[in-house]
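Visitor: I have a model open and would like to go through a few parts of it with you. Could we start with a helix and then move around?

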Amino acid sequence: MFSKNTLADAIRKALLIGIPTLVLAACSGDDGKDGADGSDGANGSDGAAGVDGANGADGADGADGKDGVDGSFGGSLTRLATVPLGAEVTGAYVTENGDLFFNVQHPDNSNTEADANGITFDHGTVGVLKGVNINQLPQNLISVGVPQSDWEKQTVQVAYGEYQVIAQTTDTFGGAMAQGLGTVLAVDGTTVVRSIDDPDFNGFIPTSETSGYLFTNWEAIPGGMSRLKLDKNTSTGEWSVDSSDVMMLDFGTYGTIANCFGSVTPWNTPLTSEEWGNFGDNTTDWNNPAASSGNRNSLARYTSPTAGSAADAAVFPNTYRYHYIVEITDPAGTATPVKHYAMGRFEHENAITMPDQKTVYLSQDDTNGVFYKFVADTAGDLSAGTLYGAKLTQDVGSTEPQTTGFDIEWIELAHGNNTEIETWIAEYDDINLDDFVDGQSNYLTNADAEAWAAGSATYPTIANGGSTVTATKAMDDRIAFLESRKAARAKGATAEWRKFEGIYVNQKRAQEAVEGVDLIPNEEVNNAYVYFAIADLDNGMIDDAGDIQLSSRVKDCGGVYRMKLEANYDVNRIEPVVMGGTYRSSLSGALRCDVESLSQPDNVIVLDDGRIIIGEDGFQVNNALWIYNPKGNK
């Protein structure tokens, strides 16, 4: 192949090679006479035409190549903030005006250094990045340093603006919240069951340009959620709490557990996720007197405030009343929680609703978890729809987490609605410790799931009320919604994820890419992605068996994946975006997470310009809030 210079030289030489010009010399004598014209020569005979060769047979079409992983060349990871000793970063949420809320969850109670405003971080803290529109940050960012001094390690450090503390655990707002922020009361409305130091998800519901309600999850058993009325001073950027309008939500007769992350729907209602603490896949032991009693006792005291344990509670907690997505309807009014049983029962980390207001992607934060999709029957109504589980196919010959992707096949589990599923749940309300029989179960088992998946007419191990008796019970779809992982696994979905954390999409970018509307000024969006975090690539993801078989080299540090949105807001492909980096300790020889890279990402938020914010729950001395640009600098 010619270089640019060689090609130019060749062209110049070609122009110099022309037909020579003939020059006739003039003579002084007379011109000679013209000679006689010669006779025309005879035309030569045409040669015989050659025989056309036969056309060769068309070759077979080659197999379509697999779509390559979209490159993230030039991607940049910048440390936007660090949180105090012992804390993880939670609750990252960006408003339409670019306000970034984030929390300090379970900091060390030994943190004694105060920030510039005299606040110490020895309690769970809800705050906001003051004075900065996060959507207007420059492309070339500065990074806050790794904390060195005691003061830096025990306070919130930010690269831009100022971290303003809005509230901390036990704040009473001048007596307006008598028992204090993060406190959960029993159904009697007065008995304190738990004071929680773990603020998690934040969701802001605006009521005007300068006011709105901040909803915050409080992660424990029983769990809680607060609503604070906030006002913003547009001149100073300062936020203030309207103490006349603060509350901890009432989750009704049975309460809720481990309110972890969440999201805000396109119709502006918060979704809170019930995560850990309810025996996970071992539901069969829920009423086993020999099994761990701590979580049962906490729930029993919520429903029966005078009970010392689940054994003497008036209401034994029904395990099937927990582990759901809960929507807060009428958020600026009554703020009424509605559990959406149709979206499945498992350890919910997060659910993110697409702009079609029907398609929802859901993550299960557990060992050997499943990735789910829910498609509602009606836009804006999550009470009825179809639940799916993802079956993965890993890229052939690839095991490195940094480069390995997966194709997705969606397996339909069942269609259901809240009303019918609640009647199934109620059948288990009367079970207690006295009903336990060793070797049997009062709850749904793997055998039930396998029978259901095989199309059996009856359940092999349950009868009315959940008690194991000789009578049989007609098969229905209850197992898909009460034991969603058992059902998904029995149907062939991949149940190998480890600590599948937050999942998120930018609504405007998604709608631009899928529907072709223009919602973000000066930003051309051709592709949009659903992002999710994996905190720990371990267990079923690296065991050399099943659908996920990755290398264990960065397992403890985790990473972030993305899925391109296709027509109808479907996704069919998972690809890695950024993974944690490791080094080998010179002292212990063990692999450690690089402080300049991710360490167990927990949740992700997508900005209007496509950059993502990542909250960390890792092994560093001070966990970080990162901003990552998958596209590189513009």
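Visitor: Which residues in helix 3 are buried?

Guide: Bearing in mind that this is a predicted model, the buried residues in helix 3 are Arg296, Asn297, Ser298, Leu299, Ala300, Tyr302 and Thr303. Helix 3 spans residues 294-303 and is mostly covered, with seven of its ten residues buried.

Visitor: And what do the buried residues of helix 3 pack against?

Guide: They pack against two strands, namely strand 7, at 183-185, and strand 8, at 192-195.

Visitor: Switching topic, how much space lies in the largest pocket?

Guide: The largest pocket holds about 750 Å³ of space. Its lining is made up of 33 residues, and the ones closest to the centre are Tyr93, Val94, Thr95, Glu96 and Asn268.

Visitor: Which elements give two or more residues to that lining, and which gives the most?

Guide: Two or more residues come from each of strand 2 (88-94), strand 9 (199-206), strand 13 (259-264), helix 8 (507-515) and strand 32 (601-606), and helix 8 gives the most, with three residues.

Visitor: What classes of residue are in the lining of the largest pocket?

Guide: By class, the lining has 14 nonpolar and 13 polar residues, together with six charged ones.

Visitor: Strand 32 came up there; what is the order of the open sheet with strand 32 in it?

Guide: That open sheet has five strands in the order 5-1-34-33-32, and the pairing is antiparallel. Strand 5 (157-158) and strand 32 are the edge strands, each of them pairing on one side only.

Visitor: How many bridges join strand 1 to strand 34?

Guide: Six bridges join strand 1, residues 76-82, to strand 34, residues 624-629, and the two strands run antiparallel. Within that pair, Ser76 of strand 1 stands opposite Asn629 in strand 34.

Visitor: One last residue, then: where does Arg553 lie?

Guide: Arg553 lies in the loop that runs between strand 27 (529-534) and strand 28 (559-564).

Visitor: Why does Arg553 count as partly exposed?

Guide: Arg553 counts as partly exposed because its relative accessible area is 41%, and the partly exposed class sits between the limits of 20% and 50%.

Visitor: What is Arg553 in contact with, beyond its neighbours within four places in sequence?

Guide: Leaving those neighbours aside, Arg553 is in contact with Glu400, Gln402, Thr582 and Leu591. With Glu400 there is a polar contact from side chain to side chain, at 2.9 Å.

Visitor: And how far apart in space are Arg553 and Ile542?

Guide: Their C-alpha atoms are 9.5 Å apart, while in sequence Arg553 and Ile542 are eleven residues apart.

Conventions
Residues numbered from 1 in each chain as written. Predicted model: local features only at pLDDT ≥ 70, side-chain atom pairs only at ≥ 80, totals over all residues. Heavy atoms only, no water. Buried < 20%, exposed > 50% of the residue type's maximum accessible area, 1.4 Å probe, protein only. Helix = DSSP H or I, 4+ residues; strand = E, 2+ residues; numbered from the N terminus. Contact = heavy atoms within 4.5 Å. 1 Å grid on protein atoms, 1.4 Å probe; cavity = no way out; pocket = protein on both sides within 12 Å on 5 of 7 lines; lining within 4 Å. Points joined across faces, edges and corners; volume = space filled by probe spheres on them. Nonpolar A, V, L, I, M, F, W, Y, C, P; charged D, E, K, R; others polar. Pairing = 2+ DSSP bridges. Polar contact = N/O pair within 3.5 Å; in protein donor to acceptor, adjacent residues only side chain to side chain.
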